Amino acid sequence: MKKLLIVEDEPLLRKMYVERLSKLDVEIFLAENSREGFVIAKKEKPDLILLDMLLQEGDGIEMMEKLRQEESIKDTKILAFSNFNELKMKEKAMALGAIDYLLKTDYTPNQVSNIIQNILK
């Protein structure tokens with residue numbers, strides 16, 4: 001079974017994505033900040049991380065930088081997503097190896113679920 005880590009600080013969004021993604025054949029782990037996400041990623045070694053770029057504690061870029069320095073998880077696939085349409089942040093996320101940088105307002109939860117499903121195939 002594939003493993004997915006969702007790092008999202010908004011409880012409502014975490015719940016909504018879990019509801020959509022639980023229909024997939026995937027084990028889901030949740031974190032509400034980058035510190036917690038990094039610890040879970042090291043322990044569980046997910047196949048994909050759905051990573052919010054703007055978190056209340058730390059941010060997605062910081063977490064990506066730490067992930068890329070950790071040998072056991074440095075190649076983990078990351079799908080960055082955010083409400084923040086900032087070119088520099090997008091460029092930095094892509095330079096750190098994000099598969100894509102999605103704006104939350106441009107995608108429904110079902111569309112994000114489909115993207116994740118395609119990545120995990």
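## Glu65 and Lys92

Glu65 is partly exposed in this predicted model, its relative accessible area being 29%. Its partner in a salt bridge is Lys92, with an N to O distance of 3.4 Å. Because Glu65 belongs to helix α3 (residues 60-69) and Lys92 to helix α4 (residues 87-95), the pair ties together parts that are 27 residues apart in sequence.

Lys92 is likewise partly exposed; for this residue the relative accessible area is 38%.

## The network of Lys3, Lys43 and Glu44

A network of salt bridges links Lys3, Lys43 and Glu44. Within the network, Glu44 pairs with Lys3, and their closest N and O atoms are 3.3 Å apart. Glu44 lies in helix α2 (residues 34-44), whereas Lys3 lies in strand β1 (residues 2-7), so this salt bridge ties together parts that are 41 residues apart in sequence.

Glu44 also forms a salt bridge with Lys43, where the closest N and O atoms are 3.9 Å apart. This pair counts as a salt bridge because the cut-off is within 4 Å.

## Accessibility in the network

The three residues of the network fall into separate accessibility classes. Glu44 has a relative accessibility of 17% and counts as buried, because the class covers values under 20%. Lys3 is partly exposed, at 22%. Lys43, with a relative accessibility of 66%, counts as exposed.

## Overall count

Side chains of opposite charge can pair when their charged atoms come close. In the predicted model, the count comes to 9 salt bridges, among them Glu65 with Lys92 and Glu44 with Lys3.

Key
Residues numbered from 1 in each chain as written. Predicted model: local features only at pLDDT ≥ 70, side-chain atom pairs only at ≥ 80, totals over all residues. Heavy atoms only, no water. Salt bridge = Lys/Arg side-chain N within 4 Å of Asp/Glu carboxyl O. Helix = DSSP H or I, 4+ residues; strand = E, 2+ residues; numbered from the N terminus. Buried < 20%, exposed > 50% of the residue type's maximum accessible area, 1.4 Å probe, protein only.
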